[in-house]
Amino acid sequence: MTQKLLVGTQAPDFALLDADGTKVSLSDYRGRNVIVYFYPKAATPGCTTEACDFRDNLASLQGNGYDVIGISPDAPEALAKFTGEFALTFPLLSDEDHAVALAYGAWGEKLVDGEIVEGLVRSTVVLDGEGTVKLTQYQVSAQGHVQALKEELLGV
């Protein structure tokens, strides 16, 4: 497992392509709280559940000052298909070489179907407007994650 980010530290900056091939940087979000969540693969059952939960709760999160960014190792074309198929209304970014996932501690060993494999570990990092880590959650479950996150961040 890579080094996890610690609360109170500065998050590594990044610039990744979104579903449209547009470069999106963490610095674009300066002055705003942002939820950066890492998911293994677009359009798989767990990732679809989590993405749709973020979509369905986006107005509430944004209304309380939180933007959402999803990051996976998928190519921009796969992200475009995923975004369109499920009407996702927040940016999904392509981290094909998983460098950002590594930098955020979201890449490492995990258990899949009883086997230990290396890959993206479902994780969420919440940053304040200065890019400082406010909250980290590693190896989260897709089901119920967004609601638990809202309870922790918003008390709802």
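Okay, let's start with one residue: Gln-137 comes out at 18% relative accessibility, so it counts as buried, the cut-off being under 20%. Before I go on, a reminder that this is a predicted model.

So where is Gln-137? It sits in strand β9. Setting aside neighbours within four places in sequence, Gln-137 is in contact with Arg-122, Ser-123, Thr-124, His-145, Leu-149 and Glu-152. There's also a long-range relation here: Gln-137 and Leu-5 are 132 residues apart in sequence, yet their C-alphas are 9.7 Å apart in space.

One of those contacts deserves its own moment, and that's His-145. This one lies in helix α4, and it's buried too, with a relative accessible area of 5%. What does His-145 touch, once you leave aside its neighbours within four places in sequence? You get Glu-50, Phe-54, Thr-124, Gln-137 and Val-140. Keep Glu-50 and Phe-54 in mind, since both turn up among the buried residues of α1.

Back to β9 for a second. Its partner β8, residues 123–127, pairs with β9 in the antiparallel sense over five bridges. If you want a register mark, Ser-123 stands opposite Tyr-138 in β9. The two strands make a hairpin with five residues between them, and in the turn Gly-131 has a positive phi of about 85°.

Now zoom out to the sheet. Seven strands form an open sheet, and reading across you have β2-β1-β5-β4-β3-β8-β9, with mixed pairing. Which strands are at the edges? Those are β2, residues 23–25, and β9, each of which pairs on one side only. On average, neighbouring strands in this sheet are turned by 30° against each other, ignoring direction. Over at the β2 edge, β1, residues 15–18, pairs with β2 in the antiparallel sense, over three bridges. There, Leu-17 is the residue opposite Lys-23 in β2.

Helices next. Packing on the sheet, α1 touches β3 and β4, and its direction makes about 160° with that of β4. α2 also packs on the sheet, touching β1, β4 and β5, at about 165° to the direction of β5.

Let me stay with α1, residues 45–63. It has 19 residues and reaches 28 Å from first C-alpha to last, close to the 27 Å expected at 1.5 Å a residue. Alongside that span, there's a kink of about 55° in α1, centred on Asn-57. And Asn-57 is on the buried list for this helix, together with Cys-47, Thr-48, Glu-50, Ala-51, Cys-52, Phe-54, Leu-58 and Leu-61. As background, an α-helix has 3.6 residues a turn, so residues three or four places apart point the same way. What do the buried residues of α1 pack against? The partners are β3, β4, α2 and α4. After the helix comes Gly-65, with a positive phi near 90°.

On to the aromatics. The count comes to eight aromatic pairs. One I'd pull up is Tyr-39 with Phe-82, a tilted pair at 6.1 Å centre to centre and 45° between the planes. This pair links distant parts of the chain: Tyr-39 is in the loop between β3 and α1, Phe-82 is in helix α2, and they're 43 residues apart. Buried or exposed, then, for Tyr-39? Tyr-39 is at 0% relative accessibility, so it counts as buried. Phe-82 is buried as well, with a relative accessible area of 1%. Both belong to one aromatic cluster, made up of Tyr-37, Tyr-39, Phe-54, Phe-82, Phe-86 and Phe-90. And there's Phe-54 again, the α1 residue in contact with His-145.

Last topic, for anyone who checks backbone torsions. Most residues other than glycine have a negative phi. Which residues go the other way here? Ala-43 has a positive phi, near 70°, and it's in the loop between β3 and α1. With a relative accessible area of 45%, Ala-43 is partly exposed. Gln-139 is also positive, at about 55°, and its place is the loop between β9 and α4. At 54% relative accessibility, Gln-139 counts as exposed, whereas Gln-137, where we came in, is buried.

That's my tour.

Methods. Residues numbered from 1 in each chain as written. Predicted model: local features only at pLDDT ≥ 70, side-chain atom pairs only at ≥ 80, totals over all residues. Heavy atoms only, no water. Helix = DSSP H or I, 4+ residues; strand = E, 2+ residues; numbered from the N terminus. Expected span 1.5 Å × (residues − 1). Bend = angle between axes of the 7 residues up to and from the residue. Buried < 20%, exposed > 50% of the residue type's maximum accessible area, 1.4 Å probe, protein only. Contact = heavy atoms within 4.5 Å. Phe/Tyr/Trp six-rings, centres within 6.5 Å; stacked < 30°, edge-to-face > 60°. Pairing = 2+ DSSP bridges. Axes fitted to C-alpha atoms, helices over the stretch in contact; angles between N-to-C directions.
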